[in-house]
Amino acid sequence: MTEHHTPVTLSSVSENDPRLQPLAKNPQDVERRIAVLFVAGMVLEACFGWAYWINAQPWILGFTFGMGLTFLGIGLIAWGKYLMPQGPFVEERHVLANSAADRDAFTAAIVDRGGGVIKRRKLLAGLLGGGLGVFSITALFPLIRSLGPLPGTTLQHTDWKKGTFAVDVTGRRVHVDDLTVGSIVTIFPEGKEETDNGQAVDQTVLIRISNSNFTTQKGRETWGPSGYVAYSKLCTHLGCPVGLYEQKLQLLVCPCHQSMFDVTNGAIPNFGPAPRPLPQLPIYVDAKGFIRAQSDFHEAVGPGFWERS
Amino acid sequence: MKISPRHITRTLTLAGVIGISTVSFFALGAGAKDAPYATSRANAGTPNSSVVVRDANGTITSYGNSAITYNLPPSSLEAFGEALFMQSCASCHGSEANGHPTDGSTEQYPSLQGVGPAAIDFWIESGRMPAVQPGNVQAIRKAPRLTHTQALAIAAWVNSKWPGLTLIPSVNTKGANLSDGAALFALNCAACHTIEGAGDALASGTYAPSLRHIPANQIAEAIRTGPGNMPRFTGNLSDAQVRDIVAFVGTSIQHPQNPGGFGLGGLGPVGEGFVALSLGVGLLALAGFWVGDRL
């Protein structure tokens, strides 16, 4: 460690004061070393530019850029520490506050004379206040407007309608012979698989759990033709895609918070934070064997919202 | 207005053009619609949709296409397979392979009748069977106890008595489309096995195993037969698509590039965040202390 000097002002230091000398015993040698560091930094940064130009691998970019800056930085610190005058020096700044007399005179000018001049224009002051008041009220309007239009009943519906064909992600219609027992496929309403709604609320998982008609709940006797059952893919908790199907346990698992839905029993949640079963899509097999929707979901899909009945 | 032969010619030409273009418009539309709705993929992985080879008795010995060929295990192994089955499998699955143990206990194990050679081969060659603890919620993968030939022999004998599908797949990854494989993997596999193929926990003590060291043919067997809790993929994946997935797993999943330097097991943000916090911030803190100490 260096010995500590008492801070002095620079102007009061004589020319051969030890505080003006660099810390280095041999400044020429140190300068050479620092020069080497700077040259290394310069070369590495040039390499970075070259690597960037030829689109090199990320680790080369990072290495040349980072090491280049590191060498420049070490050189800069060494320069400051070993070659600059040691100091420490202080420089007192002048007092910032105005004199008491100046302050009194200013107060007198504003309060005693200027105040009277402003008070003379009561009409203008009132109108200015009114204008600012109206402006501040209208300033609230964008806030109210930007909350957007009311959702209306859009949250209650999806694109599934009576007779809609079920297609897979490539737009290919799903046929009753496609899946064997224990298979799952994500289906979309035909023509909607690329739309925003199709990619969100319309997503439905189609699972074949049996070779014969399957009833998951009382009142859903026609909803599971040839053992096919279709459930909304949106978790009723926070809307994650419930795509993890365990065919032996007959569970659909949500990857986000591990809610588990009983596929054979109307997708009732038997574990996790999901508050409601996954809505089931009523489907039928048409004369040519394609899977089609009987209707839309009978309830809103996805997580809860205020107006949800 | 006087009607001249020229008027009639023009009118007939116009009507003809409109008529032909209307018909061809609908014809083209119909042609465009037919292709994607064809159901040729029904029961993909079975002889229904591929070239079939039969032996002298009419038994199907092989089917498939350039992507995957499905083969019957050689019938010469059947006698050997029966002996192996009685020795290694029958204590749980029963001498009739119906899931009733030979010791007469009331335990019910999976019946192997008609499950097909691919399923039997998968369970044995992945080391899951014979199981360490029969009746566990999920059999663990371990070094196989039986050789490839022994697995084929058991599959051959069971299938000769209770035949079923799928036959044993042999994947030809030549010409596979890796980008299609990646998309299909993300769509069908990543939900459980994770996008890095590292595997993850599932419900009730089950888990999706890691895909890091699975041979190509076992991946195809698992996709087509749906072992354990894994769904079966049949009509929703063609043989060419299964080939693409197998090729993608064999390259990007099993030999990841890791442009950042270290893959950290592909375990996701928890593992990566732990390393970033403990190592990265720790090193920064040490550097900070060191700098502060020197000044």
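In this predicted model, helices α4(B) and α8(B) are oblique to each other, because an angle counts as oblique when it falls outside the ranges for roughly parallel (under 35 degrees), roughly antiparallel (over 145) and roughly perpendicular (65 to 115). The crossing angle here is roughly 130 degrees, and the two axes come within 9 Å. The crossing of α4(B) past α8(B) is left-handed. From α4(B), the residues Ala118(B), Ala119(B), Asp121(B), Phe122(B) and Glu125(B) take part, and they meet Gln218(B), Glu221(B), Ala222(B), Arg224(B) and Thr225(B) of α8(B). Sorted by class, this contact holds four nonpolar, two polar and four charged residues.

Helix α4(B), which spans residues 117–125, also packs on helix α5(B), residues 148–161, at an angle of about 145 degrees and with the axes 9 Å apart. Here the crossing is right-handed. On the α4(B) side the contact involves Pro117(B), Ile120(B), Asp121(B), Ile124(B) and Glu125(B). Opposite them in α5(B) are His148(B), Ala151(B), Leu152(B), Ile154(B), Ala155(B), Val158(B) and Asn159(B). Eight residues of this contact are nonpolar, two are polar and two are charged. Asp121(B) and Glu125(B) thus appear in the contact with α5(B) and again in the contact with α8(B).

The loop that leads into α8(B) deserves attention next. Ile214(B) lies in this loop, between β6 (207–208) and α8 (216–225) of chain B. Is Ile214(B) buried or exposed? Ile214(B) is buried, because 20 other C-beta atoms lie within 10 Å, and a residue counts as buried at 20 or more. Val249(B) stands 35 residues from Ile214(B) in sequence, while the C-alpha atoms of the pair are 8.9 Å apart in space.

Val249(B) directs attention to that part of the chain and to the sheet of chain B. Helix α9(B), residues 239–253, lies across β2, β3 and β4 of chain B and runs at about 105 degrees to β3(B). The sheet itself is open, with four strands in the order β1-β2-β3-β4 and antiparallel pairing. Strands β1 and β4 (168–171) of chain B are at the edges; each has a single partner strand, so one side of each lacks a neighbour in the sheet. From one strand to the next, the twist averages 20 degrees.

The sheet of chain B can be followed strand by strand. Strands of a sheet pair through backbone hydrogen bonds, either parallel or antiparallel. Strand β1(B), residues 51–54, is joined by four bridges to the antiparallel strand β2(B), residues 60–64. Within this pair, Val53(B) has Ser62(B) as its bridge partner. The two strands form a hairpin with five residues between them, and Gly58(B) in the turn has a positive phi of about 90 degrees. Strand β2(B) is in turn joined to β3(B), residues 68–71, by three bridges, again antiparallel. A hairpin of three residues connects these two strands, and Ser62(B) has Asn71(B) as its bridge partner in β3(B). Four bridges then join β3(B) to the antiparallel strand β4(B), where Asn71(B) has Ile168(B) as its bridge partner. A line of bridge partners can therefore be traced from Val53(B) to Ser62(B), from Ser62(B) to Asn71(B), and from Asn71(B) to Ile168(B).Chain A contains an open sheet of four strands in the order β7-β8-β9-β10, with antiparallel pairing. Its edge strands are β7 and β10 (268–271) of chain A, each of which pairs on one side only. The twist averages 35 degrees from one strand to the next. Strands β7(A) and β8(A) pair over three bridges in the antiparallel sense, and Leu244(A) stands opposite Val253(A) of β8(A). Strand β9(A), residues 260–262, pairs with β10(A) over three bridges, also antiparallel. In that pair Phe271(A) is the bridge partner of Met260(A). Five residues lie between the two strands of this hairpin, and among them Gly266(A) takes a positive phi near 65 degrees.

The contact between the chains takes 27 residues from chain A and 25 residues from chain B. On the chain A side, α2 (58–83), β4 (183–189), β7 (244–246) and β8 (251–253) each supply at least two residues. By class, this side has 13 nonpolar, seven polar and seven charged residues.

Terms used
Residues numbered from 1 in each chain as written. Chains lettered and ligands numbered in written order. Predicted model: local features only at pLDDT ≥ 70, side-chain atom pairs only at ≥ 80, totals over all residues. Contact = placed C-beta atoms within 7 Å. Nonpolar A, V, L, I, M, F, W, Y, C, P; charged D, E, K, R; others polar. Pairing = 2+ DSSP bridges. Axes fitted to C-alpha atoms, helices over the stretch in contact; angles between N-to-C directions. Left-handed = near helix turned anticlockwise from the far one by under 90°. Buried ≥ 20, exposed ≤ 12 C-beta atoms within 10 Å, placed from the backbone.
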